[in-house]
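Dear colleague,

I am passing on the structure we spoke of, with the sequence alongside, and would be glad if you could look through it. My notes come after it.

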Amino acid sequence: MESDALFSLGEPAGPRSAPAGHTGVDGFTAVADDSPLPVRMRPVTLDELVGQEHLLAPGAPLRQLVSGGAPMSVILWGPPGSGKTTIAHLVAGATDRRFVAMSALSAGVKDVRAVIEAARRQRRSGGPQTVLFIDEVHRFSKTQQDSLLAAVEDRTVTLLAATTENPYFSIISPLLSRCVLLTLQPLGDEAVRGLLRRAVADKRGLDGALTLAADAEDHLVRLAAGDVRKALTALEAAAASATALGSGRIDLATAEQAVDVAAVRYDRDGDAHYDVISAFIKSMRGSDVDAAVHWLARMLVAGEDARFIARRLVIFASEDVGMADPTALSVATAAAHAVEYVGLPEAQLNLAQAVIHLATAPKSNSATTAIGAAIADVRAGRGGPVPRGLRDAHYAGARGLGHGTGYRYPHDDQRGVVTQQYVPDDLVGTDYYQPSPHGAERSVATRLPLLRRIVRGLPAPAARPETPASEPSVTTQAAPALSPGADRPTTGTGAPGTMQDSGTDAAGEGQQ
């Protein structure tokens, strides 16, 4: 099975275990002298279990599970190396219940039903209760999980399942509702440190044959990243190197040679994928450039698809930077192109540049809120016919339908803006876009009220004595009057005859 198991779930190499119906452990291999260090150091009692203090209080579900005080079905959810299969081993050895273990990697519905049928026969004959341990239960399909429901419901078996994936996504709701969910946390640095020291001194481990330098211990703790199996595996490798060199001490150099890559807790299809990208986006949104670069590095080292990262940057550029820095979208798009054109590892430089630009840019979500509000109105049924003056008037017969009647051509006005209704009748006066005062959007926030006043034909507000009522790029000159049926003003700076009556350009798709 996968490396998450602290012990083999396969058939023992020696004599077969007791036949079905006999109280004992079915599916576990006994610990041997040459077993890996993490296996030899597995706790044999609940009191040896390090970490998970939130589950070890008197009367807590974990203690009841191990002691057999309550026949409850349990799902253990936690990262690799947090003790899920160790707990299963403790359950297997702590009571007189029949214990059967299987891995979802190799077991199927037929295997599950065979165990359930054997458990049902045991129950009818007054035999011991059966505990069924399924490792990596998230690997089971919906049909395979369905096969457990009835047996768990009537307690034909007590289910003990382990998963590294979020059970709310990977386990069907009916099965989840029949079980107690226990969440295991990654071990803290001090817990990992304590287990390393125990392994150095314990007769099951190095039995004091070697000493571990403080800086080497720090190195192993840091690289383990809360995964005790990773720490003990690295310790065993370092001990082998020190012994080969004839040294009785594991120093930093030996530890570094044994393992030089930290355990990156990241699954592209699991929680870490969503949690890390969430932290990445929120760090950029919060303008913490250092945190954003860290999460980018975390994803790159873990092998995340660079195209996925690039897509998130392009979205972020409009969602959270937007008009405060209109160049952000160009930078993010260019980085996405670089990922496709250059590829990793070099494209990590392009991604880093884009992340730094986005994290340090002024922020505005005005585009996000504007389109969100507009979509909400459309879905609510607000909006009516296209105003007559805005309708397509370039085809034959459009004039007879009144299309384009009253349309005013903004370029014929010296301000480039005219009074005109562009929205359906029931949306007149609706403001979707609310500019922020950040970055480049500050000038838009200054200009927008004047634009809206001219377009909507609203009177100019009374000017304060000390503030001239003027605006650099859009003047407050009154809009020229329209002649009956005209498409554009009868006066203005545009030369007569520069635009056809239909309002079309050379491509036939002009200002409609």
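Below is what was found, beginning with the chain as a whole and then turning to helix packing, single residues and the backbone.

Please keep in mind throughout that this is a predicted model. The protein chain holds 19 helices and eight strands, and 44% of its 512 residues count as buried. Of the contacts between residues at least 6 apart in sequence, 72% join residues at least 24 apart.

Two helix pairs deserve a description. The first is formed by helix H14, residues 289–301, and helix H17, residues 347–360, whose axes come within 9 Å and cross at roughly 150°. Because angles over 145 degrees count as roughly antiparallel, H14 and H17 are therefore roughly antiparallel to each other. On the side of H14 the contact is made by Val-289, Ala-292, Val-293, Leu-296 and Leu-300, while H17 contributes Gln-348, Leu-351, Ala-352, Val-355, Ile-356, Ala-359 and Thr-360. By character, these residues divide into ten nonpolar and two polar, with no charged residue in the contact of H14 with H17. H14 passes H17 in a right-handed crossing.

The second pair consists of helix H9, residues 189–201, and helix H11, residues 228–244, with axes that come within 10 Å and cross at roughly 35°. The crossing of H9 and H11 is likewise right-handed. Here H9 brings Val-192, Leu-195, Leu-196, Ala-199 and Val-200 to the contact, and H11 brings Val-228, Ala-231, Leu-232 and Leu-235. The contact of H9 with H11 is made up of nine nonpolar residues, with no polar and no charged ones.

Following the chain beyond H17, one reaches Ser-364, which lies in the loop between H17 and helix H18 (366–379). Ser-364 counts as buried, because its relative accessibility is 5%. Its side chain makes a polar contact with the side chain of Ser-436, at 3.5 Å. Leaving aside residues up to four places away in sequence, Ser-364 touches Glu-319, Asp-320, Val-321, Gly-322, Ala-324, Ser-436 and Glu-441.

Ala-150, by contrast with the buried Ser-364, counts as exposed, with a relative accessibility of 52%. Ala-150 is placed in helix H6, residues 149–153, and although Ala-150 and Leu-175 are 25 residues apart in sequence, their C-alpha atoms are 9.5 Å apart in space.

Finally, there are some backbone features that you may wish to inspect. As a rule, most residues other than glycine have a negative phi, and most peptide bonds are trans. Glu-136, which is not a glycine, has a positive phi of about 55°. This residue sits in the loop between strand S4 (130–135) and helix H5 (142–146), and Glu-136 counts as buried because its relative accessibility is 2%. Ser-287 also has a positive phi, near 65°, and is found in the loop between helix H13 (271–285) and H14. With a relative accessible area of 40%, Ser-287 is partly exposed.

Which residues are joined by a cis peptide bond with omega of about 10°? They are Leu-344 and Pro-345, and Pro-345 has its place in the loop between helix H16 (327–341) and H17.

With best wishes

Methods
Residues numbered from 1 in each chain as written. Predicted model: local features only at pLDDT ≥ 70, side-chain atom pairs only at ≥ 80, totals over all residues. Heavy atoms only, no water. Axes fitted to C-alpha atoms, helices over the stretch in contact; angles between N-to-C directions. Helix = DSSP H or I, 4+ residues; strand = E, 2+ residues; numbered from the N terminus. Parallel < 35°, antiparallel > 145°, perpendicular 65-115°, else oblique. Left-handed = near helix turned anticlockwise from the far one by under 90°. Contact = heavy atoms within 4.5 Å. Nonpolar A, V, L, I, M, F, W, Y, C, P; charged D, E, K, R; others polar. Buried < 20%, exposed > 50% of the residue type's maximum accessible area, 1.4 Å probe, protein only. Polar contact = N/O pair within 3.5 Å; in protein donor to acceptor, adjacent residues only side chain to side chain.
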